[in-house]
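Me: Hi! I'm new to reading protein structures, and I'd like to understand why things get the labels they get. Could you take me through this one?

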Amino acid sequence: MRHKGAIIQEPTPTDRYQALDLVSTLIAVLHPGGAALFVNAALENALGLSRRTLEGVDFAGLFTDPTILQTALAGARGRDFAALRFEAVLRRSPQEPLPVHASVAVVEHSGDVIVELWPLEAQARQDREERLREQAQANKELIRNLAHEIKNPLGGIRGAAQLLEMELESRDLTEYTQVIIHEADRLQSLVDRLLAPHRHPHLVGDVNIHEVCERVRSLVLVEHPQGLAVLRDYDTSIPEFRGDRAQLIQAVLNIVQNAAQALHERIAAGDAVITLRTRVARQVTFGRQRYRLALELHVIDNGPGVPEAIKERIFYPLVTGRDGGSGLGLTLAQTFVQRHHGLIECESQPGRTDFRILMPLP
């Protein structure tokens, strides 16, 4: 029961729209005249300006061409449309301007205007991540089905070759059966490696990413004691997180070994360098989910770069730019990282290749 004379405070725009802070899209709520009533955390982060600074500001002035939004707001006031979409560019001093895809819609009851912004670069990245995840799922199903189809006849071929060898008297002829057995074993090994990530259980425990990096570093330096430097550039403030330590070691090891193999000429010359760099990224989106904190682990090498012909396909199974390579190392690494709700990206040019592992942090 309300007391007589009690003052009931109207909710502020921040109170009404606070839930928009949980959305990864950049969102501003405007007065019909164009003044900013509320901006969500994602937009604060993108602009590098606080909500308090932006409140009351003419939002159109934040675009390189203010007339685009001004025209959209005039249409919103006249109820000319339910929603309007256009492309524009946000000013971000001192950062580079940010090209965005914008949507303007009117809130039915209050008349406020909601402006949603999707950075074009982020949209392209999100589409790329979606393709990677879909391709990984398709690869997994294809590999499992193909591997099982190969295993049964392969066992029959090997068994028949062994039986035939027992019946042969000529040593010259047994050389041929040995070739069959050897090649059947080699294919069996390949099939086992294809199935490996789908067989291993996910054993979760506390993981320190720098212990993972140090383990990988020691293994690679044992394999390449001369001509290769593995440098550390760690952010020691990164917290432990829940994960499968063995799978993460294998994922990072596969990437570092891939880099070392690409550096064989520089290793021979004595100037090969791989850098392991860890950083914390903030407000990162994986797929369509936003995380407050994420781990960035970079594996950077000074090798010749990924061949242009396979750049878009390096995480596909059996794709390799090296003679004698199986084309499975990066595929397995991506599979293990995706099990931790992360992904691996690659930027490469001659002289610098950067594999970046991104994973959510608590």
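Reply: Happy to! This is a predicted model, and its confidence varies from element to element: helix H5 (residues 120-167) has the lowest mean pLDDT, 73, while strand E7 (residues 228-233) has the highest, 95.

Me: What is the mean pLDDT of the whole protein?

Reply: The protein's mean pLDDT is 82, and 83% of its residues reach 70 or more.

Me: Now to the rings. How many aromatic pairs does a search of the whole structure find?

Reply: That search turns up two aromatic pairs.

Me: What makes the pair of tyrosine 17 and phenylalanine 38 tilted?

Reply: Ring centres must lie within 6.5 Å to pair, and here they are 6.2 Å apart. The planes meet at 40 degrees; stacked needs under 30 and edge-to-face over 60, so this pair is tilted.

Me: Which parts of the chain does that pair link?

Reply: Distant ones: tyrosine 17 belongs to helix H1 (residues 13-17) and phenylalanine 38 to strand E2 (residues 36-39), 21 residues apart. Both tyrosine 17 and phenylalanine 38 are buried.

Me: Why is the pair of phenylalanine 59 and phenylalanine 63 called edge-to-face?

Reply: Their planes are 75 degrees apart, and over 60 counts as edge-to-face. The distance from centre to centre is 5.8 Å.

Me: How do you know whether phenylalanine 59 is buried or exposed?

Reply: Buried means under 20% relative accessible area. Phenylalanine 59 has 1%, so it counts as buried. Phenylalanine 63 also comes out at 1%, and therefore it is buried.

Me: And why is cysteine 346 called partly exposed?

Reply: Partly exposed lies between the 20% and 50% cut-offs. Cysteine 346 has 25% relative accessibility, so that label fits. Cysteine 213, with a relative accessible area of 0%, is buried.

Me: How many disulfides does the structure hold?

Reply: Zero.

Me: Let's turn to helix H4. How do you know that its span agrees with what is expected?

Reply: H4 (residues 66-77) has twelve residues, which at 1.5 Å a residue should span 16 Å. Its end C-alpha atoms are 17 Å apart, which agrees.

Me: Which residues of H4 are buried?

Reply: They are Leu69, Ala72, Leu73, Gly75 and Ala76.

Me: How do you know where they sit around the axis of H4?

Reply: These buried residues cover an arc of only 160 degrees, so they are on the same side of H4. In general, an α-helix has 3.6 residues a turn, so residues three or four places apart point the same way.

Me: What comes just after H4?

Reply: Arginine 79 is there, taking a positive phi of about 55 degrees.

Notes. Residues are numbered from 1 along each chain as its sequence is written. This is a predicted model: local features need pLDDT of at least 70, side-chain atom pairs count only at pLDDT 80 or more; totals for chains, interfaces and linings use all residues. Side-chain values use heavy atoms; hydrogens and water are left out. A disulfide is a pair of cysteine sulfur atoms within 2.5 Å. Buried means under 20% relative accessible area, exposed over 50%, partly exposed in between (1.4 Å probe, protein chains only). Rings of Phe, Tyr and Trp (its six-membered ring) pair if their centres lie within 6.5 Å; planes under 30 degrees apart count as stacked, over 60 as edge-to-face and the rest as tilted. Helices (H or I, at least four residues) and strands (E, at least two) are DSSP runs, numbered from the N terminus. The expected span of a helix is 1.5 Å times one less than its number of residues. The arc is that of the directions from the helix axis to the C-beta atoms. pLDDT is the predictor's confidence in each residue, from 0 to 100.
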